[in-house]
Amino acid sequence: MRIAAIQVTPSTDPAANIAQMRERAAEAAAQGAQVVLFPEQTMLLLQSVTAESLVAAADEWWDAFARATAEIAVAHEITVVSAGFEPSGADLPFNTMLAIGPDGSELARYRKLHLYVAFAASEAEHTRAGEELPPVFEVAHAGERLRVGLANCYDVRFPELFRSLSERGAQVTLLAAAWASGPGKEDHWDMLTRTRALENVQWVVACGAVGGGSRNTATTGLSRIVDPLGGVVAGLGPREPGVVVADVTAGAVEHARSALPALANRRISLSYDVR
């Protein structure tokens with residue numbers, strides 16, 4: 001199944017971001033992509049945001065953003081995974097990934113579990129954390145089937161989240177991100193995306209936003225598609241928007257797990273609860 005990671009530069013204008021989504025999705029579909037993944041903050045760049053302004057933006061734009069995601073999926077007969085800010089019905093909005101199938105139906109929804117509270121930044125000041133493990137769902141195109149999990153940016157630092165996806169049958173995890181640039185952080189991204197693939201012997205499709213600003217305030221792209229043995233089979237640079245595609249197959253997972261049966265060799269049993 002051909003999957004595309006679409007590396008875009010979101011702005012603080014949701015209408016412009018939706019227009020950019022339509023353009024880039026058409027580009028990916030023209031390259032044969034059957035599944036497209038957009039980065040975190042595709043709906044709205046978190047630049048100079050306040051809790052009040054993000055609540056207002058989520059209330060005004062979430063429904064239109066979700067609708068546009070479905071329209072793109074139907075127009076190109078593809079599965080689209082996008083990321084934006086969903087009203088919680090309480091106080092702060094959720095940072096939500098939405099997966100829509102080719103017929104416009106919702107396949108999965110994931111509200112970011114691990115909010116970024118590190119390196120002197122706090123996503124918790126303006127965003128509400130999800131309360132459930134990310135979903136695993138099936139994507140089918142032209143007779144091919146894949147079991148897909150979702151993860152969002154800071155989640156990549158938590159191996160137990162990815163292991164829970166693997167134990168529930170995920171063959172590929174779609175990871176949306178707006179990864180902050182800064183000393184050592186690009187190296188962290190490289191190591192963590194490859195490690196999460198290798199330790200779970202699964203594909204990881206990681207899609208990063210390219211944000212404006214100088215180093216230490218910008219987000220770095222480095223979108224990549226990592227195979228089940230930790231090799232980067234396709235990728236993009238840290239600064240430029242673009243589309244990267246690769247053929248992601250269940251067969252490659254089966255072959256890798258046969259050669260490297262690390263999951264079958266485990267002797268420690270785990271359970272997963274959100275606290």
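This is a short tour of a predicted model, stop by stop, with something to select each time.

**Stop 1: the core**

Start inside. Select Leu174 and Val205, the residues with the most contacts inside the largest nonpolar core, which has 48 residues. Now keep Leu174 on screen and bring up its partners from beyond four places in sequence: Ile3, Val35, Leu37, Val81, Met97, Val148, Gly149, Leu150, Ala151 and Val205. Apart from that core lies another one, of 28 residues. To find this other core, pick Ala4, Phe38, Phe85 and Val243, which are among its members.

**Stop 2: helices α1 and α2**

Next, colour residues 14-30, which form helix α1, and residues 51-76, which form helix α2. How far apart are their axes, and at what angle do the two helices pack? The axes are 10 Å apart and the angle is about 15 degrees. Angles under 35 degrees count as roughly parallel, so α1 is roughly parallel to α2. The crossing of this pair is right-handed.

Show the side chains where they meet. On α1, select Pro14, Ala15, Ile18, Met21, Arg22, Ala25, Ala26 and Ala29. On α2, add Trp61, Ala64, Phe65, Ala68, Thr69, Glu71, Ile72 and His76. Colour this α1–α2 contact by class and you get 12 nonpolar residues, two polar and two charged.

**Stop 3: helices α3 and α4**

Now try another pair: helix α3, residues 159-167, and helix α4, residues 185-200. Their axes are 10 Å apart, and the helices pack at about 40 degrees. That angle makes α3 oblique to α4. The crossing here is right-handed.

For the contact, choose Pro159, Phe162, Arg163 and Ser166 on α3, then Arg196, Glu199 and Asn200 on α4. Which classes turn up in the contact of α3 with α4? There are two nonpolar, two polar and three charged residues.

Stay with α3 a moment longer. Its buried residues are Leu161, Phe162, Arg163, Ser164, Leu165 and Ser166. Show what surrounds them: the buried residues of α3 pack against strands β5 (106-111), β8, β9 and β10 (172-177), and against helices α4 and α5 (250-259). Then step past the end of the helix to Gly169, which follows α3 and has a positive phi, near 100 degrees.

**Stop 4: two alanines in loops**

Jump to Ala120, in the loop between β6 (117-118) and β7. Its phi is near 65 degrees, a positive value in a residue other than glycine. Is Ala120 buried or exposed? With 91% relative accessibility, Ala120 counts as exposed.

Then go to Ala142, in the loop between β8 and β9 (144-152). Ala142 also has a positive phi, about 50 degrees, although it is not a glycine. Ala142 is exposed, with a relative accessible area of 76%.

**Stop 5: Glu123, a charged residue inside**

Select Glu123, in the loop between β7 (121-122) and β8 (136-141). Glutamate counts as charged, yet Glu123 is buried, at 6% relative accessibility. Who surrounds it? Beyond four places in sequence, Glu123 is in contact with Glu40, Asn95, Lys112, His114, Leu115, Tyr116 and Val117.

**Stop 6: two threonines**

Finish with a pair to compare. Thr79 sits in strand β3, residues 79-86. At 1% relative accessibility, Thr79 counts as buried. Light up what Thr79 touches beyond four places in sequence: Gln34, Val35, Val36, Ile100, Gly101, Pro102, Leu107, Val139 and His141.

Thr9 is found in the loop between β1 (2-7) and α1. Thr9 is partly exposed, with a relative accessible area of 32%. Once you leave out neighbours within four places in sequence, Thr9 is in contact with Gln20, Val210 and Pro241. For a last look, draw a line from the C-alpha of Thr9 to the C-alpha of Leu45: they are 36 residues apart in sequence and 8.4 Å apart in space.

Conventions: Residues numbered from 1 in each chain as written. Predicted model: local features only at pLDDT ≥ 70, side-chain atom pairs only at ≥ 80, totals over all residues. Heavy atoms only, no water. Core = buried A, V, L, I, M, F, W, Y, C linked by side-chain atoms within 4.5 Å. Buried < 20%, exposed > 50% of the residue type's maximum accessible area, 1.4 Å probe, protein only. Contact = heavy atoms within 4.5 Å. Axes fitted to C-alpha atoms, helices over the stretch in contact; angles between N-to-C directions. Helix = DSSP H or I, 4+ residues; strand = E, 2+ residues; numbered from the N terminus. Parallel < 35°, antiparallel > 145°, perpendicular 65-115°, else oblique. Left-handed = near helix turned anticlockwise from the far one by under 90°.
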